[in-house]
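Trainee: I would like to take a close look at a single part of this structure, the contact between its two chains. Please describe that contact and then relate it to the chains on either side.

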Amino acid sequence: MVLLHGKLVVAGDMTVGKTAICHVAGNDVTAFPKSYNCTNMADLVLKQIRVPDSDDTVEFFLFDSSGNSIYLDSLKDAWVTMDMYCIVYDITDRNSFKNCGMWLEQLSQSRGDHNVFGVLVGNKKDKENYRAVSTQEGKQLATSRKMEFFECSAKDNKGIAEIFKHLASEFVSRYRKRIRTLEKMGRETY
Amino acid sequence: MTLTESNAFVSMASSADQDYPASNILDSSEKVFWMTTGLYPQEFIITFKEPIEFRHIRFVTSNVKRFVMFTTSNQEPKNFETIFEKTLPNNENNLQITDYTLDRSIDVRHFKCVILAGYDSFSSVHSLKFDAENSRMGKKY
């Protein structure tokens, strides 16, 4: 049983719903923000997740980065210590999907020494009628960049828990893997 | 039983995994270790029931990027003074062994180490040894 802490950077274009995802994830209940408020710089949301089928818990420090490019330079300084990232796009907005590559680039430029991993999330699944990016395209991009892919709706609180469960189990498995390596090293040196 | 085990104990640690406890730091074996469980900085304090005097420090870690060490001779663990600060090279997940000799022996009741940054989300501390060398009959603490 262990409690791990990880810094999760949430990035993506403006108005794709990063803050909504963070709030819905952080408070579980219907915390969906009904009015739009552009995030200045970044918000910090805490979220604890019990890893399925184990006693382990991961506490996420959700670093909800502003999608506004004027903050990009200062955001990058704060991204250096991230452990994982989550790139969000809006399935009804093709441009936000196109920009995912740019966000990924920015994140990888500013990543520090940590061995990071990430997920790609298509938000606003409730607006199926206005869909402009197919699930297939999302999956393809995610696979080509070695990320896991999710679609969710922050408004209906659908598919959000799955994202965090995945991130939490991956984080714990990295921790366990590290321990196994160290224990193996210990056995070999003596 | 060595003095290390009887006189010193870890009085505070910022990460707690019951299978890899901070008490492993004082265990003389490098096979057992203390894991940090994510985010930096991470720190631990070692308290000596009887104050000790030492000059040498041997610190064995993995994935630690930068650390600072402090000591105090106060009864209470406060007013720490910096004794040593170092950035370690990335040893690609292997053990990092740091040997350091102070200019002079110092009297210590509380010893604090802060890991400021790591080369991965998780770092580990395998052992920490203090050595007085020529002072006080060269006892190892």
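Mentor: Across the interface of chain A and chain B, nine residue pairs are in polar contact, both residues of each pair being at pLDDT 80 or more; the model is a predicted one. On the side of chain A that touches chain B, the elements giving two or more residues are β1 and α6 of chain A. Of the elements on that side, α6(A) gives the most, with ten residues. In total the contact takes 23 residues from chain A and 26 residues from chain B. About 2000 Å² is buried between the two chains, and carbon and sulfur atoms give 58% of that area. The salt-bridge count between chain A and chain B is one. That salt bridge joins the side chains of Asp113(A) and Lys65(B), with a distance of 2.8 Å from N to O.

Helix α6(A) also has a part in the interior of chain A. The largest nonpolar core has 40 residues, and Leu8(A), Phe60(A), Val121(A) and Phe164(A) touch the most other members. Two or more residues come from each of β1 (3–12), α1 (18–27), β2 (42–50), β3 (57–65), β4 (84–90), β5 (117–123) and α6 (160–189) of chain A. The largest share of this core is that of α6(A), with eleven residues. The surroundings of Leu8(A) show how these parts come together: beyond its neighbours within four places in sequence, Leu8(A) is in contact with residues including Phe60(A), Leu62(A), Met84(A), Cys86(A), Phe164(A) and Leu167(A). A second, separate core of 28 residues includes Ala22(B), Phe48(B), Ile106(B) and Phe111(B).

Helix α6(A) holds a salt bridge as well. The side chains of Glu170(A) and Arg174(A) meet at 2.9 Å, N to O. Both residues lie in this helix, four residues apart, about one turn of the helix. Arg174(A) is partly exposed, with a relative accessible area of 26%, and Glu170(A) is likewise partly exposed, at 25%.

On the other side of the interface, chain B contains one helix and seven strands, in the order α-β-β-β-β-β-β-β along the sequence. Of its 141 residues, 52% count as buried. Among contacts in chain B between residues at least 6 apart in sequence, 74% join residues at least 24 apart. Two salt bridges within chain B join separate strands. Asp99(B) pairs with Arg58(B), the closest N and O atoms being 3.0 Å apart. Here Asp99(B) belongs to strand β6 (residues 95–118) of chain B and Arg58(B) to strand β3 (residues 42–62) of chain B, with their positions 41 residues apart in sequence. Arg58(B) is partly exposed, at 29% relative accessibility. Arg66(B) and Glu85(B) form another bridge, with their closest N and O atoms 2.9 Å apart. This pair links strand β4 (residues 64–72) of chain B, where Arg66(B) lies, to strand β5 (residues 81–87) of chain B, where Glu85(B) lies, 19 residues apart. Arg66(B) has a relative accessible area of 27% and is partly exposed, as is Glu85(B), at 42%.

Over all chains the structure holds eleven salt bridges. In chain A, Lys125(A), Glu128(A), Arg131(A) and Glu151(A) are linked in a network of such bridges. Arg131(A) lies in the loop between β5 and α5 (135–144) of chain A and is partly exposed, at 23% relative accessibility. Its side chain makes polar contacts with the side chain of Glu128(A) at 2.5 Å and with that of Glu151(A) at 2.9 Å.

A further loop of chain A, between β3 and α2 (72–79), contains Ser66(A). Ser66(A) is buried, with a relative accessible area of 1%. A polar atom of the Ser66(A) side chain lies 3.1 Å from the backbone nitrogen of Asn68(A). Beyond residues up to four places away in sequence, Ser66(A) touches residues including Lys18(A), Thr39(A), Tyr71(A) and Trp103(A).

Finally, the count of disulfides over all chains is zero. Cys22(A) is buried, at 0% relative accessible area, and its sulfur has the sulfur of Cys86(A) as the closest cysteine sulfur; no bond joins them because the distance of 7.5 Å is too far. Cys113(B) is also buried, at 0% relative accessibility.

Conventions. Residues numbered from 1 in each chain as written. Chains lettered and ligands numbered in written order. Predicted model: local features only at pLDDT ≥ 70, side-chain atom pairs only at ≥ 80, totals over all residues. Heavy atoms only, no water. Core = buried A, V, L, I, M, F, W, Y, C linked by side-chain atoms within 4.5 Å. Buried < 20%, exposed > 50% of the residue type's maximum accessible area, 1.4 Å probe, protein only. Contact = heavy atoms within 4.5 Å. Disulfide = S-S within 2.5 Å. Buried area = accessible area lost by both parts, 1.4 Å probe. Salt bridge = Lys/Arg side-chain N within 4 Å of Asp/Glu carboxyl O. Polar contact = N/O pair within 3.5 Å; in protein donor to acceptor, adjacent residues only side chain to side chain.
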